[in-house]
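These are my notebook entries on one structure. I record what I looked up, entry by entry.

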Amino acid sequence: MDKLLDQLIIRWEQAFDDIKNLPAYKAAVKTTQYAENTRYNLEKFDKNSFPSDGALSNKKQSYQYGFNDQGLPCYVAFNHDHNKLFWEGYYNYTDKLAEYIEFNINTGTPSAITRVIFENGRKVLTQRLFVNGGGAGYAHLKDARAELIRKYKENADSFFLTASRFLFDQEGKVIRSEGIHITPGIGKYTSHNEYTYVDNQLDKIKTFDANGNGRLTFSRNRDNLSQEALVEKLSMAMAQEITNTLHHQEINEPLALLELGYHYADNYLPLLGIQTQQQIAERRDKGELAFITDNYLDAIIDISSFEDLFAQMEQLMEEKSDMKIGRTTLTRAAAILTETKLFGKIKTTGDFAAFAIDWSIEGHSTEHLVEILLECGVKKETITKWKENKLLVSHGK
């Protein structure tokens, strides 16, 4: 499997010359449509279909997709307005290989590559490379290709790499895939997926790491839940399990604040930070910021009762390239906990509040923190009271 990753790096080096192919693929465009986010993940392409990850529009938006005379996407362009960066890419299809190559036009660097290999019409292998930073690095070396390539290859955090090989049953259904990955900050690791079917339809995919730890990464939406219904159902299930988790902790004082800490675009299974009435009073007396805690529970929330819904949420975020769906789910769960006061199962203060937050990007001003608290079900009169009591003061973290 290591060779599959080596092949990706070699293909990436070769792709510097392929930027010259862009005009031909752009010229092959017969129709054009637009989207707010990415839409066509080549790993979902097979010989029969190529589903779009969300809606397309005739109205000009951030992503431009061009389709060839067969109705397949063949060209894509998008930009980053703030940083004045621009990307273009193309899709190429043959009997044995489908390939997507994307370029950072500012630097000429291939920023992403996806390859799907077919044997006898079956998808047997996928490979994916993404350059950290979208290929915008080492812009000063854009005219010194050998040096630019060397810089990228010497940096352990340059590439996200993954390769997956698929195994089939006698009926031709995928029953297992084996993967190898390199992720910045983590390094190289392996995984495998196990596939289950119901009525000949893919029903679940469970992903296992090298130690045998597994989690559900795909669940068929059998109930055809809308996004809004999925978020509401998952939020309620998550709120109930958070309450169960707290119920098994030794909390002797009334709870005043409950933080659902998460990491945007990465981890939406919240870390629970608790503060009792007494702890809040002590922090206020010391002049410390009441809403920032280091008192996080070691207990991990058991998702077994809602793992299907959680997997469906993650799928939806990927398909729509919309990480806000996860944030909305946690915010709604926090609102349920605030409004029900932990369903009355745990002693709380009269102005108890639960709130979902990623401190690395949110809540860096009193005004923004107030917005988050209001989203999480805290009443305006409670906010006024906290300001009068100096619980809400200007801060940063």
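**Entry 1: a helix pair.** I looked up which residues bring helix 6 and helix 7 together in this predicted model. From helix 6, Met313, Leu316, Met317 and Lys320 take part, and they meet Ile325, Gly326 and Thr329 of helix 7. By class, I note four nonpolar residues, two polar ones and one charged one in this contact. Two packed helices are described by the angle between their axes and by the distance between the axes. For helix 6 (residues 307-320) and helix 7 (residues 324-340), I recorded an angle of about 145° and axes 8 Å apart.

**Entry 2: an open sheet.** I next followed a sheet of three strands, which is open and has the order 14-13-15 with mixed pairing. Strand 14 (267-276) and strand 15 (348-357) are the edge strands, as each pairs on one side only. On average, and with direction ignored, neighbouring strands of this sheet are turned by 15° against each other.

How do strand 13 and strand 15 run, and how many bridges join them? Strand 13 (residues 255-263) and strand 15 run parallel, and six bridges join them. I looked up one bridge by residue: Leu258 has Ala354 in strand 15 as its partner.

I then checked what lies across these strands. Helix 5 (residues 277-285) lies across strand 13, strand 14 and strand 15, and runs at about 75° to strand 14.

**Entry 3: Ser158.** I located Ser158 in the loop between helix 3 (145-154) and strand 8 (159-168). Is Ser158 buried or exposed? Its relative accessible area is 3%, under the 20% cut-off, and therefore I entered Ser158 as buried. The Ser158 side chain reaches the backbone oxygen of Tyr152 at 2.6 Å. Tyr152 also appears among the contacts of Ser158 that I listed after setting aside neighbours within four places in sequence; the others are Phe130, Val131, Asn132 and Lys151.

**Entry 4: Thr162.** I then moved to Thr162, which lies in strand 8. Thr162 has 8% relative accessibility, again under 20%, so I entered this residue as buried. Which side chain makes a polar contact with that of Thr162? I found the side chain of His181, at 2.6 Å. Leaving aside neighbours within four places in sequence, I listed Leu5, Leu8, Thr126, Gln127, Arg128, Ile180 and His181 as the residues in contact with Thr162.

Note on methods: Residues are numbered from 1 along each chain as its sequence is written. This is a predicted model: local features need pLDDT of at least 70, side-chain atom pairs count only at pLDDT 80 or more; totals for chains, interfaces and linings use all residues. Side-chain values use heavy atoms; hydrogens and water are left out. Helices (H or I, at least four residues) and strands (E, at least two) are DSSP runs, numbered from the N terminus. Buried means under 20% relative accessible area, exposed over 50%, partly exposed in between (1.4 Å probe, protein chains only). A polar contact is a pair of N or O atoms within 3.5 Å; within protein, one must be able to donate a hydrogen and the other to accept it, and residues adjacent in sequence count only if both atoms are side-chain atoms. Contact means heavy atoms within 4.5 Å. Axes are lines fitted to C-alpha atoms, for helices over the stretch in contact, and angles run from 0 to 180 degrees between N-to-C directions. Ala, Val, Leu, Ile, Met, Phe, Trp, Tyr, Cys and Pro count as nonpolar, Asp, Glu, Lys and Arg as charged, and the others, Gly among them, as polar. Two strands pair if DSSP finds at least two bridges between them.
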